[in-house]
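Me: I should like to understand how the descriptive terms used for a protein model are justified. Please take me through them one at a time.

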Amino acid sequence: MARPLLIIEFSGSSVRAALFPSAAGKAPSYISLPSGASVREDAGAALDAIKKDGWPDPAACSVFVSVSPSSVSMRAVSVPVDR
């Protein structure tokens, strides 16, 4: 049997979580919480909300953690190599 999929996204202003059940026909569940002072506190608050709402144990899920695209900065840098 496939494991439920839990996705947690951290952004500058909120923490969102979505649970996609493994059983067909069950609706996904969502929560959104305001962001706190640290990622550790935000993660704890999200996991507490998940447990309080009766979601499956996160240890029994396939868990993906993401950051919002606006929080990511990437650059291609050319570095000359001297041999």
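**Terms and the values behind them**

Reply: Ile50 has a relative accessibility of 0% and counts as buried. This residue lies in helix α1, and the model in which it appears is a predicted one.

Me: Why is Ile50 called buried?

Reply: The term buried requires a relative accessible area under 20%. Ile50 has 0%, so it counts as buried.

Me: What does Ile50 touch, if residues up to four places away in sequence are not counted?

Reply: Ile50 touches Leu6, Ala17, Ile31, Trp55, Pro56 and Pro58. Each is called a contact because heavy atoms lie within 4.5 Å. As for distances between C-alpha atoms, Ile50 and Tyr30 are 9.2 Å apart in space and 20 residues apart in sequence.

Me: How do you know that the length of helix α1 agrees with what is expected?

Reply: Helix α1 comprises residues 39-52, which is 14 residues. At 1.5 Å a residue the helix should span 20 Å, and its end C-alpha atoms are 20 Å apart, so the two values agree.

Me: What makes one side of α1 the buried side?

Reply: Asp42, Ala46, Ala49 and Ile50 are buried in α1. They cover an arc of only 100 degrees around the axis, which puts them on the same side of the helix. In general, an α-helix has 3.6 residues a turn, so residues three or four places apart point the same way. Among the elements covering the buried residues of α1 are β1, β2 and β3. The face turned away from the buried side carries the exposed residues Arg40, Lys51 and Lys52.

Me: What follows helix α1, and why is Asp53 called partly exposed?

Reply: Asp53 is found in the loop between α1 and β4. Its relative accessibility is 44%, and the range for partly exposed lies between 20% and 50%, so Asp53 counts as partly exposed. The C-alpha atoms of Asp53 and Ile31 are 9.3 Å apart, although the two residues are 22 apart in sequence. Also just after α1, Gly54 takes a positive phi of about 80 degrees.

Me: Why is Glu9 called buried, and where does it lie?

Reply: Glu9 is in strand β1, residues 5-10. Its relative accessible area is 19%, which is under 20%, so Glu9 is buried.

Me: What makes the pairing of Glu9 with Arg16 a salt bridge?

Reply: A salt bridge needs a side-chain nitrogen of Lys or Arg within 4 Å of a carboxyl oxygen of Asp or Glu. The closest N and O atoms of Glu9 and Arg16 are 2.3 Å apart, so the pair meets this cut-off. In general, side chains of opposite charge can pair when their charged atoms come close. A search of the whole structure finds 1 salt bridge. The partner, Arg16, has 35% relative accessibility and therefore counts as partly exposed.

Me: Why is the interaction between the side chains of Glu9 and Arg16 also called a polar contact?

Reply: These side chains make a polar contact at 2.3 Å. The term applies because the cut-off for such a pair of N or O atoms is 3.5 Å.

Me: How do you know whether Phe10 is buried or exposed?

Reply: Phe10, which lies in strand β1, has a relative accessible area of 14%; since this is under 20%, Phe10 is buried. Leaving aside neighbours within four places in sequence, its contacts include Val15, Val39, Ala43 and Val67.

Me: Which residues make up the largest nonpolar core?

Reply: The core has 12 residues in all: Leu6, Ile8, Phe10, Val15, Ala17, Leu19, Ile31, Ala46, Ala49, Ile50, Trp55 and Cys61. The elements that give two or more residues to this core are β1, β2 and α1. In general, nonpolar side chains in soluble globular proteins tend to be buried together. Cys61, one of the core residues, has contacts that include Leu6 and Leu19.

Methods: Residues numbered from 1 in each chain as written. Predicted model: local features only at pLDDT ≥ 70, side-chain atom pairs only at ≥ 80, totals over all residues. Heavy atoms only, no water. Helix = DSSP H or I, 4+ residues; strand = E, 2+ residues; numbered from the N terminus. Buried < 20%, exposed > 50% of the residue type's maximum accessible area, 1.4 Å probe, protein only. Polar contact = N/O pair within 3.5 Å; in protein donor to acceptor, adjacent residues only side chain to side chain. Expected span 1.5 Å × (residues − 1). Arc of directions from axis to C-beta. Core = buried A, V, L, I, M, F, W, Y, C linked by side-chain atoms within 4.5 Å.
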